[in-house]
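Hello,

Here is the structure I promised to hand over. Please have a look at it first, and then read on for what turned up in one of its sheets.

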Amino acid sequence: MFFTGESTTRKRVDLGGRSSKERDTQKLIEQTRLERNRRLLLRQQNSAAIKIQKYFRGRKVVGVEHSKLREQFYETYGEYCENVNRHCFGPDSGFLRQLFFFFNAQNDGDFATLEATCQWLQHLLQNNGDIVSLFAGGDYSSCRALVDYKVKKLVFACIEAIHQNRNRLKDQLLATKDLTSMAPALLLETVVLLINPQLPWASKVVVYLLQRNAFHLFREIVLTAKESDAFRFIAEISSLEHVLMLIVYHIGGEPCICSSVDPKWSFSSQILTLPFLWQLFPYLKKGFANPAVSQHYIHQMVSGMQDHMNVLPDDISLEFPSYACLLGNILEVAGVTFSRPDCSFEMATDVAAVATFLLEALPPVKSSSRESTGRSAVGEDDMAAGDTGMEITLNGDLEQQIINAIDSRFLLQLTNALFGGISLVSQSHKEPDDKEVAAVGAACAFLHVAFKTLPLERIMTVLAYRTELIPVLWNFMERSHKNKKWSSLPVHLAYLSGDAPGWLLPLAVFCPVYKHMLMIVDNEEFYEREKPLSLKDIRCLIVILRQALWQLLWVNPMMHSNKGKSVAHIFVHKKGPLDVIENKVSTAVSGLLSQLQDWNNRRQFTSPGDFHAEDVNDLFISQAVIEGTRAYEILKQAPFLVPFTSRVRIFSQQLTNVRQRQGSHGVVPRNRFRIRRHHILEDAYNQMSALSEEDLRGLIRVTFVNEFGVEEAGIDGGGIFKDFMENITRAAFDVQYGLFKVITYPTTCICDFHLFLFLSIRYSYPLDGEYSRASVVMKEWKAMFEGILVDIPFATFFLSKLKQKYNYLNDLPSLDPELYRHLIFLKHYKGNISELELYFVIVNNEYGEQTEEELLPGGKDIRVTNENVITFIHLVSNHRLNFQIRQQSSYFLRGFQQLMQKDWIDMFNEHELQLLISGSLESLDVDDLRSHTNYSGGYHAEHYVIEIFWEVLKSFSLENQKKFLKFVTGCSRGPLLGFRYLEPLFCIQRAAGIASDEALDRLPTSATCMNLLKLPPYRSKEQLETKLLYAINADAGFDLS
């Protein structure tokens, strides 16, 4: 066929959208679904209604049956059990079965019937004490199940009846057993009779009570009883306490079949979490303290911690959280348990584990006003810190219970129980065994948490001086370090993550305790008797601490910085348990290393390089000047890891940068001083005190005026200013002005007790007055700011004030040697110190007037004893070194901070800070000066005049060498890091073209601003020596230039 028509078929498009047929289908499905749900809901409602009706009808029928049986019971036995006899309690009687069927504890009649039943029971037992035969007849074994059922139901009915009626009986809940006229005492004494451990059904009855959550009922009974003061202060044991004791002893003893009881309803969770439990039940405390009883419950709590079970009941109130109440009760009874000879090592580790777990949740406990007064003397400021969060305030009495429980006796007993079987003899080749690891882990975990929770002054002294904690921990750390194996802690103690290094917790405890110990150790003990650790051990300790600190500060943060996080953020805002403890340990380790470095500065026992990290290189130094880098943060927290010379270079660079920003090297100086040489102190004070802080940092040029009122010829290019700073500093510290007191140390003379601020050179110190407040301070630190060394040795305790640190006993000899000797005598006194009639007061002698000041609130009534003598020594040292001089120190510090940033000074310890101010006390290094000297005007290194010049200079005394250096540079001290850093380098220039007699008659001259010596070509060594000595001793000012 041939094609006809159109070539394409036209498509049909429905512009009406989806067809109506499709819409009807979807609508039908939706309606069907809704109808199905409606029918389902209707069936559920009908089913629920049927269940409710069924329950209601059942309860109604049961109620009717209860009423019928109750009436029959009254007809048979009497409403008050008048017709009851001995046979009613036997196995064939329906008396107890009927009573249990209709008994309702909230029904007054049923309660009276139960009370009458208990009275009959006790009456029958008084006549015939065989309770087994009373319930079982002749043969208990033949009716065991029936008898056990009756006894269990009767015991629980008594407890439930008291619980349901506790509010109306609250004044009687703590009644004693002789008051059986009161219903609670009668019912509870019946329970006591029926759960006697000697009875064959005792175990089954106790199990039944636990299955019915009896401890929860007891908890609510006790809480209600605490609302009343009735019977609370009677010395006899209450019936309620007697019942608890029997149940607790049974569960904790052997044999016991109660191990499967839910921990949430156990004695530990329901009863031990009651606040101040032992005040209410002292006899229960005494029995629970028996290790044979308490170990079961403590170990049960440890098991619950391992499974991370939340088994504690709801808090009574915000002030009485359950965990805090449990902690207070556990610690209080643990002190009694540890005092018993049968307390086991396992018991000690379990108590430490539970206390650690609960202390971790406890908010930091505030110390009392008396204790906070002495906190500065303890000096544990480095442990204070860090964790922030929602503040929880405990009840004051609950806080005090916890604090008082962890007293010196408790700490001593705990450490003895843990470390009693550990040998203190060093066996470096032998790794710590499992028991030692468990003991160290338990002690360190508990003490680490205690340090951040409890007031440190209560526990540090005990741990440092009365326990073997430091020797045990050191023995453990030394062997672990030498064997290169740090054991992990037991599972139930490792609340940190499993990847935490094994040295972390031991160091967290060892460092603050040993640091506290060093604060009261005297020089003889440390260096001569080598206590508490030998110098050899301390050298090993320094290596361990240095490696750990470098790991924490440099190696560990590496991964954080690799993730792009700010290093400052890492150091300050760490989160998580591991990060928090690492932050605390790094602070504690750096504090201890800094203190050991101070001891090494007093008398060197190890190389200063032992404190330096091995990986500090030029790259590290270059990063250390950049704020926000890891190297910068390390320099702030642990500067001793960086060599002193490197830190001096960083410090010099920082000063240079500031001077450049202030325009210190500008062409035209902002401030010019005109100073009369014979009135140098007055003129300097008048002109410098008028300068602003910015001007003090700026360029200052000086013109001297001689005694005739004529300006000296020298032009200040920097040399005259250096000479001015050295002279003004020497004048300000001259005792003739009365601004400072000078004492000599070491010496045998006795210093008067002054309320002034001592410095030293022998050691000096500013009296109160405007000079000391402003002028002297600004002059001293202006010299340091400009890099000028001045010959003013400061006392160590004063330099500590510049670093805003506390001074301790070891700093006292430089201030008051006699007081130091007295305190050391008191520390080593072997007799009864209380017989010396010393109190916590100190006598001040101010301007001839004696005043008495208390070291603690109420100190005049607190006698110094052998137990608190260490605290007394701390407080006296603190008062003398810190409290009395705080006002003068603040003036000096205020002037210091106008020129020097605190971060700059924090890079150095006190010994290094003295070097920054005065340089080394050693003789002038002439060879170093010769190696860094330039020559001009025809002189060279091999010239005969130069050769004899160096021979002459070497032959000079130290005093003349210093005068020569001042003559040519304006300062008697050379650069701190050597003459290679002298700017410009020292130069010797020929002073005359030809060696004529007239030229040879000239004296050597200098240009101090250019460190230039103009030396005529003398012909002989003797002539050069004579002329040079005359020039440097002429003290002719700058007219010679």
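A word on terms before the details: two strands count as paired if DSSP finds at least two bridges between them, and a strand is a DSSP run of E over at least two residues, numbered from the N terminus. Please keep in mind that this is a predicted model.

With that in hand, Arg990 stands opposite Leu1015 in β8. This pair belongs to the link between β6 and β8 (residues 1012-1015), two strands that run parallel and are joined by 4 bridges.

Now for the sheet as a whole. It is an open sheet of 4 strands, in the order β5-β6-β8-β7, and its pairing is mixed. At the edges are β5 (933-936) and β7 (1005-1007), each of which pairs on one side only. On average, neighbouring strands here are turned by 25° against each other, with direction ignored.

Starting from the β5 edge, β5 pairs with β6 (residues 986-990) in the parallel sense, over 4 bridges. One example is Ser936, whose bridge partner in β6 is Gln989.

At the other edge, how do β7 and β8 pair, parallel or antiparallel? They pair in the antiparallel sense, over 3 bridges. Here Thr1005 stands opposite Lys1014 in β8. β7 and β8 form a hairpin with 4 residues between the strands, and in this hairpin Asn1011 takes a positive phi near 50°.

As general background, strands of a sheet pair through backbone hydrogen bonds, and they do this either parallel or antiparallel.

Enjoy exploring it!

Best wishes

Technical notes: Residues numbered from 1 in each chain as written. Predicted model: local features only at pLDDT ≥ 70, side-chain atom pairs only at ≥ 80, totals over all residues. Heavy atoms only, no water. Axes fitted to C-alpha atoms, helices over the stretch in contact; angles between N-to-C directions.
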